[in-house]
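Here's a quick tour for anyone meeting this structure for the first time. Have a look at it, and then we'll go through its pockets and its charged pairs.

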Amino acid sequence: MAGMRGRQTVRGMFQSLAVIMVAAGVMYLFIPHDESAEPVKAKDYRVELLTAQRAAPYPVLSPEGLGEGWKATVVSYKREKGDAWQLGFLSPDTQYVAVNQSTAEPGKFVPEVTLKAKNTGKTQTVAGRVWQRWEGPRYDALVRTENGATTVVTGTASFERLAEMAGSLQARKA
C-alpha cells in the first residue's frame, strides 16, 4: 500500500509540472516580445526646454550638434527644487549622461545629482571653459558654477563622453 501511494505522489508531481509547462508556453506565445525593437525610446524635449528657458532665472543649457546615436531619455524642470533642470541621455555606447542645472546650494546639489561623487580637486577645460572633475561610486561628473546656477554633466559614461556633452551645451533664449 505504501509503495502505491509513493508512485501516485510522483505521478501527480509530473502531471502538475506538465500543466505548469503548458501554461507557461501559452503565456509566452501570447505576451508580445520583439527582440528587434529598440529598448529605449528617444524623448522629444523641446517643449520642456522652452518651458524651462522661460521660467528659469539662469540660462538653461541643452546640447547642440551631438553626433549620431545620442537619445534623450529623461527631461524635467522643477521650480520648487531650486529651479532644477535635468536632461538625461543614453550615449551611443549606451552609457547614461545627464545635464543638471540648479540655483540650489552647490554643496548639496552636486552630491545629490551625482549620487555622492566627490570633488577631486582636478579641473578639465572643455570648449574653453574650466570644469571641476568629480568622481563617485556610481557617477562621475564635470561641474561648473556661473550665472547664478550650478551645471553638472554627470553619468556612467567616461570623462571623454561627459566632456563631449559639456562641449555641446548651448544657452538659447525662448
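## The second largest pocket

Let's begin with what lines the second largest pocket: its residues split into ten nonpolar, five polar and two charged. Keep in mind that what you're looking at is a predicted model. The pocket's volume is about 210 Å³, and 17 residues line it, with Leu61, Arg129, Glu146, Leu169 and Ala171 closest to its centre.

Which elements give two or more residues to this lining? They are β6 (129-135), β8 (149-155), α4 and β9 (169-171). Of these, β9 gives the most, with three residues.

## The largest pocket

Now for the largest pocket, which holds about 300 Å³ of space. Its lining is made up of 17 residues, and the ones nearest the centre are Ala84, Asn100, Phe109, Glu112 and Val113. Two or more lining residues come from each of β2 (71-78), β3, β4 and α3 (106-113).

As for chemistry, the lining of the largest pocket has eight nonpolar residues, five polar ones and four charged ones.

## A network of three

On to the charged pairs. Side chains with opposite charges can pair up when their charged atoms come close. The count here is four salt bridges.

One of them joins aspartate 93 and arginine 161, at 3.3 Å from N to O. Aspartate 93 sits in the loop between β3 (84-90) and β4 (96-102), while arginine 161 belongs to helix α4 (residues 159-168), so this pair ties together parts that are 68 residues apart in sequence.

Arginine 161 has another partner too: it forms a salt bridge with glutamate 164, where the closest N and O atoms are 2.8 Å apart. These two are three residues apart in helix α4, so about one helical turn separates them. With their shared partner, the salt bridges join Asp93, Arg161 and Glu164 into one network.

How open to the outside are these residues? Arginine 161 has a relative accessibility of 19%, so it counts as buried, the cut-off being under 20%. Aspartate 93 is partly exposed at 37%, and glutamate 164 is partly exposed at 32%.

## Another pair

Arginine 46 and aspartate 44 also form a salt bridge, their closest N and O atoms lying 2.6 Å apart. Buried or exposed: which is arginine 46? Its relative accessible area is 58%, so arginine 46 is exposed. Its partner, aspartate 44, is partly exposed, with a relative accessible area of 46%.

Definitions and conventions
Residues numbered from 1 in each chain as written. Predicted model: local features only at pLDDT ≥ 70, side-chain atom pairs only at ≥ 80, totals over all residues. Heavy atoms only, no water. Salt bridge = Lys/Arg side-chain N within 4 Å of Asp/Glu carboxyl O. Buried < 20%, exposed > 50% of the residue type's maximum accessible area, 1.4 Å probe, protein only. Helix = DSSP H or I, 4+ residues; strand = E, 2+ residues; numbered from the N terminus. 1 Å grid on protein atoms, 1.4 Å probe; cavity = no way out; pocket = protein on both sides within 12 Å on 5 of 7 lines; lining within 4 Å. Points joined across faces, edges and corners; volume = space filled by probe spheres on them. Nonpolar A, V, L, I, M, F, W, Y, C, P; charged D, E, K, R; others polar.
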